[in-house]
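Hi,

Here is the structure I promised to pass on. Have a look, and then read my notes underneath.

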Amino acid sequence: IKLSNRFYHGTKEELLEKIKNQLSDFRYKHILGVGQTCYELAKLNGVDPEQAMIAGFVHDYAKEKTDEQFIEKIKEKKLDSDLLNWGNFIWHGVVGAEFIKDELKITDEEILNAVRRHTVGAPEMTTLDQIVYVSDYVEPNRSFPDVEIARSLAYANLKQAVIFETKHTLQFLMSSSSKIYPDAILTYNAFVAEN
Ligand code: GDP
Ligand code: FE
Ligand code: FE
Ligand code: FE
């Protein structure tokens, strides 16, 4: 599709070129898959497909920046200093949104929030947030046990796919004794846990 200028001031090719310059080939392929999946899920869920596709393309824009670059940005933007206790997995979304704003000049807060929430979700997620969160998990290049279940759920019922992803991600993290980012628990309580 041809971009409208509502979310990015340039062509799709120009946007992808800037993203490609920041990423390894493997991750560039991933963001193309996420953009495509976001576009399809947006059409199924009444969200602007262009907005969703751009959010998918940029969601991991900052993933390969160095820890030093993230720490500098956290200080420059006076973001919550607790972020300094975590690492790339949380920075590339929450702090990544700041790089997307500053370097790509994308200012749409709905896109930026979807990027911020794409790794651990949030107790309240907009439909766009859910689309990016789920597309990241099920895009065509992903392969892990149960990806096909997650993928068919995504196209059948977005919220059920959020529930499935949240539950399985937490199970995976706990089975490997990983430190859980508190917002991931809030997402779990809001979407998965029963009263
Ligand atoms: P990617 O950027 O496309 O690889 O995918 P994500 O942004 O969804 O996840 C990035 C990494 O963070 C993955 O390896 C996840 O398993 C990991 N991750 C997600 N949530 C948590 C968490 O609460 N704690 C830890 N330690 N890692 C997490
Ligand atoms: Fe990511
Ligand atoms: Fe994810
Ligand atoms: Fe990703």
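First, a term: a polar contact is a pair of N or O atoms within 3.5 Å (inside protein, one must be able to donate a hydrogen and the other to accept it, and residues adjacent in sequence count only if both atoms are side-chain atoms). A backbone N or O atom of Y181 is 2.9 Å from an oxygen atom of ligand 1. The side chains of two residues also reach oxygen atoms of ligand 1: D60 has a polar atom 3.0 Å away, and H30 has an N or O atom at 3.1 Å. On its own ligand 1 exposes 580 Å², and the protein buries 77% of that (areas are Shrake-Rupley, with a 1.4 Å probe).

A word on the source: this is a predicted model, where local features need pLDDT of at least 70 and side-chain atom pairs count only at pLDDT 80 or more, while totals for chains, interfaces and linings use all residues. Residues are numbered from 1 along each chain, chains are lettered from A and ligands numbered from 1 as written, and side-chain values use heavy atoms, without hydrogens and water.

Where does ligand 1 sit? The space it takes is the largest pocket (more than half of its atoms lie within 2 Å of the grid points). A pocket is an open set of points on a 1 Å grid over the protein atoms alone, where a 1.4 Å probe fits, with protein on both sides within 12 Å along at least five of seven lines; lining residues have an atom within 4 Å of a point. The lining has 33 residues, with D136, Y137, R142, T169 and F172 nearest the centre.

Cheers
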